[in-house]
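These are notes for a colleague who is opening this structure for the first time. Please keep the sequence and the 3D view side by side while going through the numbered points.

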Amino acid sequence: MSTALKKERKLERPPRGGQATLIEAIRQGLWEEMERDPPVFLIGEDVGAYGGAFKVTDGLIDHFGKERVIDTPISEAAIVGAACGAALMGMKPVAEFQFIDFISCGFDLLTNYAAKSRYRWGGSIPAVFRGPCGSGVRSGPFHSLNAESFFLNTAGLKIVEPSTAYDAKGLIKAAIRDPDPVLYFEHK
């Protein structure tokens with residue numbers, strides 16, 4: 001059994017005397033959904049070899065391989081476009097932005113394509129777009145945004161933002177299983 005797998009198995013229960021962190025809960029939810037459903041894959045900036053900017057995807061490439069944990073260039077519009085295309089082909093992408101501030105680079109595709117595909121022609125975009133938001137970690141003006149309000153009035157997009165580790169795991173699993181696009185904001 002790989003070290004990463006042992007690490008994930010330990011996350012099945014919160015550590016004694018404490019709670020699982022949001023990061024651990026999201027990682028466990030991703031792991032379980034990737035185990036359960038082979039079309040689920042991860043795509044984004046540094047999600048593979050580095051394990052994500054906040055280490056949410058740490059260890060997943062070791063278990064699932066580079067075909068299901070895909071590093072991309074720093075191009076949020078390309079990540080959104082690739083995720084939408086993969087979703088239309090029957091895959092279930094979970095796209096990560098290093099910082100949610102840069103989701104605006106994919107705004108047009110998210111609001112005018114992904115959100116409206118079901119209403120325009122019955123197309124389903126089962127994709128999750130996730131990333132860290134908020135301030136409090138001294139990240140400056142370009143890494144401290146709460147972008148939720150940009151999307152609140154966009155029919156066809158679901159927005160979730162967990163406040164506990166329990167919610168984080170349940171919401172990531174529900175988001176992955178949803179037949180439509182879900183924006184998953186995780187506070188830093």
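1. A convenient place to begin is Glu 76, which is found in helix 4, the helix of residues 76-88. Please bear in mind throughout that what is shown is a predicted model.

2. Is Glu 76 buried or exposed? Its relative accessibility is 8%, and because buried means under 20% relative accessible area, Glu 76 counts as buried. Leaving aside residues up to four places away in sequence, Glu 76 touches Glu 45, Phe 97, Phe 102 and Cys 105.

3. Turning to the sheet, the reader will find six strands in an open arrangement with the order 2-1-3-4-6-5, and the pairing is parallel. Strand 2 (69-71) and strand 5 (158-160) stand at the edges, and because each has a single partner strand, one side of each is left without a neighbour in the sheet. From one strand to the next, the twist averages 20°.

4. Strand 3, which covers residues 92-96, deserves a closer look, since four of its five residues are buried and the strand is thus mostly covered. Strand 3 pairs in the parallel sense with strand 1 (residues 40-44) over five bridges, and also in the parallel sense with strand 4 (residues 128-133), there over three bridges. As background, strands of a sheet pair through backbone hydrogen bonds, either parallel or antiparallel.

5. Individual residues can be used to follow these pairings in the 3D view. Phe 41 stands opposite Pro 93 in strand 3, and Leu 42 stands opposite Val 94, also in strand 3. Towards strand 4, Ala 95 has Phe 129 as its bridge partner.

6. Which strands does helix 2 touch as it packs on the sheet? Helix 2, made of residues 22-36, touches strand 1, strand 2, strand 3, strand 4 and strand 6 (182-187). The direction of helix 2 makes about 130° with that of strand 1.

7. The last point concerns the surface, where Leu 88, Met 89 and Trp 121 make a nonpolar patch of about 370 Å². Trp 121 lies in helix 6, which runs over residues 117-121. With exposed meaning over 50% relative accessible area, Trp 121 counts as exposed because its relative accessibility is 52%.

Methods. Residues are numbered from 1 along each chain as its sequence is written. This is a predicted model: local features need pLDDT of at least 70, side-chain atom pairs count only at pLDDT 80 or more; totals for chains, interfaces and linings use all residues. Side-chain values use heavy atoms; hydrogens and water are left out. Patches are made of residues with over 30% relative accessible area and no salt bridge: like charges are joined within 9 Å, nonpolar side chains (Val, Leu, Ile, Met, Phe, Trp, Tyr) within 5 Å. Accessible areas come from the Shrake-Rupley method with a 1.4 Å probe; for residues, only the protein chains shown count as cover. A salt bridge is a side-chain nitrogen of Lys or Arg within 4 Å of a carboxyl oxygen of Asp or Glu. Helices (H or I, at least four residues) and strands (E, at least two) are DSSP runs, numbered from the N terminus. Buried means under 20% relative accessible area, exposed over 50%, partly exposed in between (1.4 Å probe, protein chains only). Two strands pair if DSSP finds at least two bridges between them. Contact means heavy atoms within 4.5 Å. Axes are lines fitted to C-alpha atoms, for helices over the stretch in contact, and angles run from 0 to 180 degrees between N-to-C directions.
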